[in-house]
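Biologist: Could you pick one part of this model and take me through it closely, then show me how the rest of the chain fits around it? I'm new to this, so please explain the terms as they come up.

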Amino acid sequence: MKHILFLFVFVLVNQVFSQDHSEFMEDPFDSPQEVTETCLGCHEVGEEIMKTHHWTWKDRMKREDDSRVNIGKSYMINNFCISVTSNWPRCTSCHIGYGWKNKSFDFSDENNIDCLICHDQSGTYKKVPTGAGMPAKDVDLLKAAQSVGPTTRANCGICHFDGGGGTGVKHGDMDNSLYEPDETIDVHMGGLDFNCTECHKTDGHKIAGAGHTSMALGKSRLTCEECHEGDIHKLGVLNRHVDAVACETCHIPAFARAEPTKVWWDWSTAGKDSADIMDEFGKSTFNKKKGSFVWAKNVTPTYAWFNGKADYYAAGDKLNPDEVLKLNNPRGDVSDAKAKIYPFKVMKGKQPYDKGNDYLITPKLFGKDGFWKTFDWNKAAELGMKTSNLEYSGSYDFVETEMYWPIHHMVAPADKAIKCMTCHGRNGKLLDWEALGYKGDPVKTRGRKTTGLLK
């Protein structure tokens, strides 16, 4: 029944958006806000959009000790470009709004919603990479507004495929190959020509999906079983696996299969005058502004138990500089009935921390007096931490970090799925059974969690 209802809504929305909008807009627009005002004149959705994570980039997470911390792109720290805080004009080029250039951005002004970034079908609309979400000056706003239609992979991909500054940088399972993939790259987007919203269903402009905010809150998840229900395998033993093993684990044997992804980012070398060397994939391995990189292709995922929720490092949390700092940690273990073994990309690198206070630094990288202008870590740390309302001791160093990015895309054809013996054969080495909480291969030891792999 829920699938029939969704299909009805999907068809209705497509009919509304598929209407030729050129008859409603004939005069040129002087600003992108005028486009939004025109859109909202008929589509009264401003308030609901401003309640979504795509707009707010923030939420509150309750920790196991009942304390609450800020989360969302506005606050979370990663090991790519580290932090949105104090770097707004650069980072907010992927925000669904106009003009978020500092902490005083007015989130209550619905005319700053960017309708075109999600609905332009002219293929000509683009934002300035350093323009705080504003479109390029040469964009024909009238042409873009007249073209609007249902969201496509092109609309979503412009931010999600290029997150981190380029194709495939962050996610590993999302890159520019997904604009026009064949089925060997992704059976849904390639073989079936799915758009993103066919899985990432929307309700009041809230888009379902396990981004980092969703993982931190433990809600708004998507699972393959929402479409693939019941005993979908011919072999009963495979159907029993579904209780403990996520579909993605077997059906995404490797990510970054078409284009390489970044797997290591070392900020400690940034600012130095070193030679840039291209790797075997034609990717840069050094940039004076950003440091050193390692890229990889056809990457075997890291496997971990995951029950839909993860713990996250928050600005100001203490760290041990002698240990690798986990910026997030998927919850779940072998005894957790809600957990399954999922595939992840584990991003690793080095980033600055405050030696006097033993917490991560949120440096000012972009703009006046930022590190990309001065190559002065002390100045960048002082300015960034002031914006984050955290003390800076005046002393910095670098700590190794890692971050788990879930793998859900690039589903391979069924005949390319992981074979049984890859995990359970005599030489099966794909899974680290002891790290997953087993005494050994559960097929051999019979010691599995009670509701899945072996019964």
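Modeller: What follows starts with one helix and then moves out to the chain and a few single residues.

A word on the ground rules. This is a predicted model, so local features need pLDDT of at least 70 and side-chain atom pairs count only at pLDDT 80 or more, while totals for chains, interfaces and linings use all residues. Residues are numbered from 1 along each chain as its sequence is written, and side-chain values use heavy atoms, with hydrogens and water left out.

Our part is helix α2, which covers residues 32-42. Helices here are DSSP runs of H or I with at least four residues, strands are runs of E with at least two, and both are numbered from the N terminus. In α2, the residues P32, V35, T36, C39 and L40 are buried. Seen down the helix axis, these buried residues of α2 fall within an arc of 125 degrees, so they line one face of the helix. "Buried" means under 20% relative accessible area, "exposed" means over 50%, and "partly exposed" is in between, using a 1.4 Å probe and protein chains only. The arc is that of the directions from the helix axis to the C-beta atoms. There is a handy general rule to go with this: an α-helix has 3.6 residues a turn, so residues three or four places apart point the same way.

Now turn α2 around: on the other side, G41 and C42 are exposed. What lies over the buried residues of α2? The cover includes α3 (46-49), α6 (116-119) and α7 (141-146). Contact, by the way, means heavy atoms within 4.5 Å.

One of those covering helices, α6, turns up again with another helix. In α8 (residues 153-160), R153, N155, C156, G157 and C159 are buried. Those buried residues of α8 pack against α6 and α9 (187-191).

The loop between α6 and α7 holds V128. With a relative accessible area of 27%, V128 is partly exposed. Leaving aside neighbours within four places in sequence, V128 is in contact with S93, M134, P135 and A136. E323 is another story: V128 and E323 are 195 residues apart in sequence and 39 Å apart in space, C-alpha to C-alpha.

Follow the chain past α9 and you reach E198, in the loop between α9 and β3 (202-203). E198 is partly exposed too, with a relative accessible area of 25%. Its C-alpha atom and that of H188, 10 residues away along the chain, are separated by 9.6 Å.

Next comes T213, in helix α10 (residues 212-217). T213 is buried, with a relative accessible area of 13%. Not counting residues up to four places away in sequence, T213 touches H53, D59, I71, G72 and M76.

Two loop residues deserve a look for their backbone angle. I82, in the loop between β2 (68-71) and α5 (88-91), has a positive phi of about 75 degrees although it is not a glycine. M410, in the loop between β14 (396-406) and α15 (420-424), also isn't a glycine, and its phi is positive, near 65 degrees. Are they buried or exposed? I82 counts as buried at 0% relative accessibility, and M410 counts as buried at 0% as well.

One more loop: D317 sits between β9 (310-312) and β10 (325-326). Apart from neighbours within four places in sequence, D317 is in contact with R63, Y312, D358 and Y359.

Finally, zoom out. The chain has 16 helices and 14 strands, and 47% of its 455 residues count as buried. Its C-alpha atoms fill a box of roughly 70 × 60 × 50 Å, taken along the principal axes. A compact globule of 455 residues would have a radius of gyration near 23 Å, and the chain has 23 Å, which agrees. That radius is taken over C-alpha atoms, and the globule rule is 2.2 Å times the number of residues to the power 0.38. Of the contacts in the chain with a separation of 6 or more, 70% come from residues 24 or more positions apart.
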